[in-house]
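The following paragraphs lead the reader through the model shown below. They take up its sheets, the helices packed on them and the nonpolar cores in turn.

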Amino acid sequence: MASGDLIVQRPEGLYCPPGDFYIDPWRRVERAVITHAHADHARTGHGHYLATAVSEGLLRARLGAGIAFQGLAYGEVVEHQGVRISLHPAGHVLGSAQVRVEHGGRVWVASGDYRPTPHGAVPDRTCAPFEPVRCDVFITESTFGLPIYRWRPDAELFGQINRWWATNAQAGRASVLVCYSLGKAQRLLGGVDASIGPIVCHGAVEPINRAYRAAGVALPETLTVSEVTDKAVLRRALVLCPASALGTPWIRRFGDCADAFASGWMQVRGQRRRGGFDQGFVLSDHADWPGLLSAIGATGAERVIVTHGSVPVLVRYLSEQGLQAEAFDTEYGDEAAEPPTEASPAP
């Protein structure tokens, strides 16, 4: 790292020396700027939290109602010890943000996790679409930082999911779709054809649905298992649940069901085979390879710092393109990164 960098690595996390605050720290600190509510970026125990106002409900639900929280609108600027801080849409989940830090005529952007909307595509309606932010230095994730990862259009993807669900419903089998509770489940709800049948959500998903609805995101009606008294309803249902529900009494209520996993990792067929699922749907709330490159290019940054994911590959590629590319060693990760194995369901 160069002397005078606006963001540096510390054991607690990414630190802004002139502002004396951290971005998504993984150990307890006094002042934390949080990009989004996923547990690897938003952790308990910090003295003060700064995040988007729209993410307040999610953060309080996950970290505790009594956290010291300050919310900002997208683009709103707050100044702390001479450092100007603003939050800008990341397109990842509800309230997700990139952190713009300005001091001494320099601008750095820490992106957290993000997903640009492909050119010509309809933006995900469950969160604000990604907006590139011009900067001198860009800190980017690389969860899917390999050329093999290229997402198909949403219309094609949700068409596949709807056909799978409709076929199962006609056969009297529930369609169990394993997905991450925050972000992935709500994006699925926003894209499926709810006229096919009822939608049942696991107890880990339903509170997140409520937070999304409270923030003004329109989602179709969902049920919990306890609200369903007619077993025939369950046999036509689309069931959204985390991997932790597999092998539990809860999942056995659906009897003979079809199952699938929704994840960007389903791009690789071996992942689907190892997970033992009937079906795999390639759905991610992270940038694919073209998305990473387009987002980095749109910032105009000449220096790029790569965090979690396929770090060496992306660093090498960017260096070959003439950028100053390097890496930060962080403790972030994709919480729904791997489907469970048949031998040991993911916790």
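The model is a predicted one. V176 is a convenient residue from which to begin: it stands opposite V239 in β14. This pair belongs to the ladder between strand β12 (residues 175–178) and strand β14 (residues 238–241), which run parallel and are joined by four bridges. Within that ladder, S175 has L238 as its bridge partner in β14. On its other flank, β14 is joined to β13 by three bridges, again with the strands running parallel, and here V200 stands opposite V239. V239 thus faces V176 in one strand and V200 in another.

These strands are part of an open sheet of five, arranged in the order β13-β14-β12-β15-β16 with parallel pairing. Its edges are formed by β13 (199–201) and β16 (279–281), each of which pairs on one side only. Neighbouring strands of the sheet are turned against each other by 25 degrees on average, direction ignored.

In a regular strand, side chains alternate between the two faces of the sheet. Strand β14 shows this arrangement: L238 and L240 point one way, V239 and C241 point the other way, and all are buried.

Two helices that pack on this sheet may be considered together. Helix α2 (residues 154–170) touches β12, β13, β14, β15 (258–262) and β16, and its direction makes about 145 degrees with that of β12. Helix α3 (residues 184–191) also packs on the sheet, touching β12, β13, β14 and β15, with its direction at about 160 degrees to that of β14.

How do the two helices stand to each other? Two packed helices are described by the angle between their axes and the distance between the axes. For α2 and α3, the axes come within 10 Å and cross at roughly 85 degrees. Angles from 65 to 115 degrees count as roughly perpendicular, and α2 and α3 are therefore roughly perpendicular to each other. Their contact brings D154, F158, I161 and N162 of α2 against R187, L188 and G191 of α3. By character, the residues of this contact divide into three nonpolar, two polar and two charged.

Beyond the end of α2, the loop between this helix and β12 contains G172. With buried residues under 20% relative accessible area and exposed ones over 50%, G172 counts as partly exposed because its relative accessibility is 27%. The C-alpha atom of G172 is separated by 9.1 Å from that of D256, although the two residues are 84 residues apart along the chain.

The nonpolar interior can now be examined. The largest nonpolar core has 46 residues, and those with the most contacts inside it are L59, L177, L188, Y212 and L240. At least two residues of this core come from each of β5 (48–52), α1 (56–63), α2, α3, β13, α4 (206–214), β14 and β15. The greatest contribution, six residues, is that of α2. Setting aside its neighbours within four places in sequence, L59 is in contact with I34, H36, A37, A42, A51, G64, I67 and F69. A further core lies apart from the largest one; it has 23 residues, among them L14, V83, L87 and I305.

Helix α4 deserves separate mention. Its buried residues are E206, I208, N209, A211 and Y212, and they pack against α1, α3 and β13. Just after this helix, G216 takes a positive phi of about 95 degrees.

The model also contains a second open sheet, in which seven strands follow the order β7-β8-β9-β10-β11-β17-β18 with mixed pairing. At its edges stand β7 (77–80) and β18 (324–327); each has a single partner strand, so one side of each is left without a neighbour in the sheet. The twist from one strand to the next averages 25 degrees.

Within this sheet, strand β11 (residues 137–142) and strand β17 (residues 303–309) run parallel and are joined by five bridges. T140 has V306 as its bridge partner in β17. Helix α8 (residues 289–299) lies across β11 and β17 and runs at about 170 degrees to β11. Helix α9 (residues 311–320) lies across β11, β17 and β18, running at about 160 degrees to β17.

Notes. Residues numbered from 1 in each chain as written. Predicted model: local features only at pLDDT ≥ 70, side-chain atom pairs only at ≥ 80, totals over all residues. Heavy atoms only, no water. Pairing = 2+ DSSP bridges. Axes fitted to C-alpha atoms, helices over the stretch in contact; angles between N-to-C directions. Contact = heavy atoms within 4.5 Å. Parallel < 35°, antiparallel > 145°, perpendicular 65-115°, else oblique. Nonpolar A, V, L, I, M, F, W, Y, C, P; charged D, E, K, R; others polar. Core = buried A, V, L, I, M, F, W, Y, C linked by side-chain atoms within 4.5 Å. Buried < 20%, exposed > 50% of the residue type's maximum accessible area, 1.4 Å probe, protein only.
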